Amino acid sequence: MATGTANGRDFNIVLLEGIHATALETLAAAGHTRVSSHARSLAGDELIAALAEADLVGIRSRTQLTAEVLAQLPRLAAIGCFCIGTNQVDLAAAAQRGIPVFNAPFSNTRSVAELVLAEIVMLMRGIPEKNALLHRGGWMKSAANAWEVRGKTLGIIGYGHIGTQIGVLAEQLGMNVVFHDIEAKLPLGNARQLGSLEALLAAADVVSLHVPETPATRDMMGAAQFAAMKPGSFLINASRGTVVDIDALAAALERKQLLGAAIDVFPVEPKGNDDPFVTPLLRFENVILTPHIGGSTAEAQANIGREVAAKLARYGDNGSTATAVNFPQVTLPEPAGQCRILHIHHNVPGMLARINERFSAAGINIVAQYLQTTPDIGYVVIDADADASRVAFDELKAIEGTIRCRIVC
Ligand SMILES: NC(=O)c1ccc[n+]([C@@H]2O[C@H](COP(=O)([O-])OP(=O)(O)OC[C@H]3O[C@@H](n4cnc5c(N)ncnc54)[C@H](O)[C@@H]3O)[C@@H](O)[C@H]2O)c1
Ligand SMILES: O=C(O)[C@H](O)COP(=O)(O)O
């Protein structure tokens, strides 16, 4: 199905999940004023109704944009994830519908790293249970199960942006750092990559998870992995809730295989601050529970708001897909002609020839042309003069294999 919109600045933009005000400011500065904001995540019919007229949508980690949801939003032209994770969007389905997805790959990295570092110290001193007891009037002055972190081993699973930051900071506290990753990674400082997850679990006093949500990371910490951890060690999960089998974690805490944990993300999380929260971990006072706030700092949210809003505005205004996570990436200068046609199509043989034929048959001069492809999707951007572009636009929309076609003048 081919669709077309007249001009990027006519875009209707919907922001969900309390995205920071810097996003609105950035969009307004780019001339986008048709923006509505919602404080929480939406689902089901509410979500479809809120996004029915949206050209651009901004979400955070909770809103699920599945293939089924996207199929009901034919108008949607681009998605901004105002966070790092993009697992909440069906990226392949979005690409097939000609929808690029943008995120903020490192604006909250430091915030997560600082939280994890603090949690390592808190857990190794037994602070969570001492704090809970003291709030009830109990006094537990004791050095039992309280250690310096200096000289202990931190095991990082997923040595990407966040994992590497944590490794560097932990070494400054005198920790030994080992990591496990599916890719061979450059170790920073004195960190060492271990050959397997099992080797890491056997070596670490504290294990910290920093992998994305993928089929391979689902329940990657289950009963067998907890049994393989050092007796009396600790687990930190600030990645995604699906990475840890939470019942297996509860069992490991129960039998004191683990002396504590810090959990920021959960398999099921409330949609907003007014919804109830349940987890089998409530009964453990040696577990730090935080409501998915690893990236929730003033600095991170303000930066994310600016970064992702700018990416959406740029795509709307000039078609640039630089840094899109699911789409051919084209970094574009300002239009060289009076109008720019953005043509998204299935990547089948002869498509570019068919597009160019339309221009030469109509005697239209192409001022500039850009092409980028992935195995499935092709993205061609053509600058031409205004009247000619409108003729070409109508022609290009009709080419078989077109997914979406847009003109910006
Ligand atoms: N709690 C929060 O608020 C919060 C904030 C930011 C990010 N996150 C989560 O943290 C995750 C990591 O963020 P990042 O910026 O470091 O991502 P990243 O992409 O830079 O790093 C992820 C690393 O995990 C590795 N990896 C992937 N699959 C793996 C597997 N099966 N086994 C071992 N390693 C694997 C990758 O090779 C990569 O090195 C994000 O995907 C997001 O889900 C949570
Ligand atoms: O992926 C992320 O960046 C984090 O999980 C933060 O998500 P949030 O924006 O919903 O807090």
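How many bridges join strand β14 to strand β15, and do the two run parallel or antiparallel? Keep that in mind as we walk through this predicted model.

**Stop 1: the hairpin.** Select residues 368-373 for β14 and residues 377-384 for β15. The two strands run antiparallel, and 6 bridges join them. Now look at the turn: a hairpin takes β14 to β15 through 3 residues. For one pair to click on, try Gln372, whose bridge partner in β15 is Tyr379.

**Stop 2: the annotated stretch.** Widen your selection to residues 340-409, which an unreviewed UniProt entry annotates as "domain: ACT". Colour this stretch by secondary structure and you will see 33% helix and 40% strand. Then find the C-alpha atoms at its two ends, which are 6 Å apart.

**Stop 3: the domains.** Zoom out and give each domain its own colour. The domain assignment gives domain 1 as 1-107 + 297-327, domain 2 as 109-289 and domain 3 as 329-409. Between the centres of domain 2 and domain 3, taken over C-alpha atoms, lie 50 Å.

**Stop 4: ligand 1.** Finally, centre the view on ligand 1 and show the 31 residues around it. Gly158, Gly160, Ile162, Pro212 and Gly294 come nearest. Two elements, α5 (109-124) and α7 (161-172), each give two or more residues to this shell. Which of the elements gives the most? It is α7, with 3 residues. Colour the shell by residue type to finish: 11 of its residues are nonpolar, 15 polar and 5 charged.

Methods. Residues numbered from 1 in each chain as written. Chains lettered and ligands numbered in written order. Predicted model: local features only at pLDDT ≥ 70, side-chain atom pairs only at ≥ 80, totals over all residues. Near = placed C-beta within 6 Å. Helix = DSSP H or I, 4+ residues; strand = E, 2+ residues; numbered from the N terminus. Nonpolar A, V, L, I, M, F, W, Y, C, P; charged D, E, K, R; others polar. Pairing = 2+ DSSP bridges. UniProt positions renumbered as here; feature names shortened; annotations may be inferred. Domains from an automatic or database assignment.
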